[in-house]
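Please open the model in your viewer and keep the sequence panel beside it. The stops below say what to select and what can be found there.

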Amino acid sequence: MKYFALLLTLFFINFNQKTDKLTGRYNYLIEDDNAYILKDKITFKDSVFIFDNKFMPKGKISYGNVILLDNFINTDLIISISKDQIEKDTIPFFMHDKKSSSANYLDEVVGKGKLVRIK
């Protein structure tokens, strides 16, 4: 009987766990003069993302306290997303330039935008 209770507990723990990864398709919007402009659509799978534009390379996703999208449109551009935002349908993000003059390029924001989930 105790094995049945243990098995039942493990079963419910697995279904109640949240995913900490970006998945699905999103519209990629950039803020320009307080208006958002649709640039492209992005599909997230595991630790890579792919633009709908076939000429763009696959990008890498690094998971940590802040989620980083690397190898974006411009190879010097990196996108940061707060980890607590990934469960929402609209995810704000910040753009950073790897060739920034500051010591840590993640401290300097060069742009921002939103990812809006496509249902």
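Begin by selecting Asn34, which is found in the loop between β1 and β2; strands, like helices, are DSSP runs numbered from the N terminus, with at least two residues (E) for a strand and at least four (H or I) for a helix. Before going further, note that this is a predicted model, in which local features need pLDDT of at least 70 and side-chain atom pairs count only at pLDDT 80 or more, while totals for chains, interfaces and linings use all residues. Residues are numbered from 1 along each chain as its sequence is written, and side-chain values use heavy atoms, with hydrogens and water left out.

**The loop between β1 and β2**

Asn34 has a phi near 60°, a positive value in a residue other than glycine. Most residues other than glycine have a negative phi. Asn34 is exposed, with a relative accessible area of 73%; buried here means under 20% relative accessible area, exposed means over 50%, and partly exposed lies in between, with a 1.4 Å probe and protein chains only. Now add Asp33, which is placed in the loop between β1 and β2 and has a positive phi as well, near 55°. Asp33 is exposed, with a relative accessible area of 73%.

Extend the selection to the strands on either side of this loop. Strand β1 (residues 24-32) and strand β2 (residues 35-45) pair in the antiparallel sense over nine bridges, where two strands are taken to pair if DSSP finds at least two bridges between them. To see one position in this pairing, show Ile30, which stands opposite Ile37 in β2.

**The whole fold**

Zoom out and colour by secondary structure. The protein has one helix and eight strands, and along the sequence these follow the pattern α-β-β-β-β-β-β-β-β. The eight strands close into a barrel in the order β1-β2-β3-β4-β5-β6-β7-β8, with antiparallel pairing. Neighbouring strands of this sheet are turned by 30° against each other on average, direction ignored; the axes are lines fitted to C-alpha atoms, and angles run from 0 to 180 degrees between N-to-C directions.

With a surface displayed, consider the totals for the chain. Of the 119 residues, 29% count as buried, and the accessible surface comes to about 8200 Å², of which 55% belongs to carbon and sulfur atoms; such areas come from the Shrake-Rupley method with a 1.4 Å probe. Among contacts between residues at least 6 apart in sequence, 34% join residues at least 24 apart, a contact meaning heavy atoms within 4.5 Å.

**The loop between β6 and β7**

Next, select Gln85, in the loop between β6 (77-82) and β7 (90-97). Is Gln85 buried or exposed? Gln85 is buried, with a relative accessible area of 16%, and, not counting residues up to four places away in sequence, Gln85 touches Thr90, Ile91 and Pro92.

Move along to Lys88, which lies in the loop between β6 and β7 and is partly exposed, with a relative accessible area of 43%. Leaving aside neighbours within four places in sequence, Lys88 is in contact with Tyr26 and Arg117. Show Leu115 too: the C-alpha atoms of Lys88 and Leu115, 27 residues apart along the chain, are separated by 9.7 Å.

**The salt bridges**

Finally, display the charged side chains. A search of the whole structure finds six salt bridges, each being a side-chain nitrogen of Lys or Arg within 4 Å of a carboxyl oxygen of Asp or Glu.

Select Asp89 and Arg117, which form a salt bridge with the closest N and O atoms 3.2 Å apart. Asp89 lies in the loop between β6 and β7 and Arg117 in strand β8, so this pair ties together parts that are 28 residues apart in sequence. Asp89 is partly exposed at 35% relative accessible area, and Arg117 is partly exposed at 27%.

Which residues are linked with Asp89 in a network of salt bridges? They are Arg117 and Lys119. The side chains of Lys119 and Asp89 meet at 3.1 Å, N to O, and this pair links Lys119, in the segment after β8, with Asp89, 30 residues apart. Lys119 counts as exposed, at 81% relative accessibility.

For the last stop, select Lys99 and Asp76, whose salt bridge has its closest N and O atoms 3.7 Å apart. This pair links Lys99, in the loop between β7 and β8 (111-117), with Asp76, in the loop between β5 (66-70) and β6, 23 residues apart. Lys99 is exposed, with a relative accessible area of 64%, whereas Asp76 is partly exposed, at 24%.
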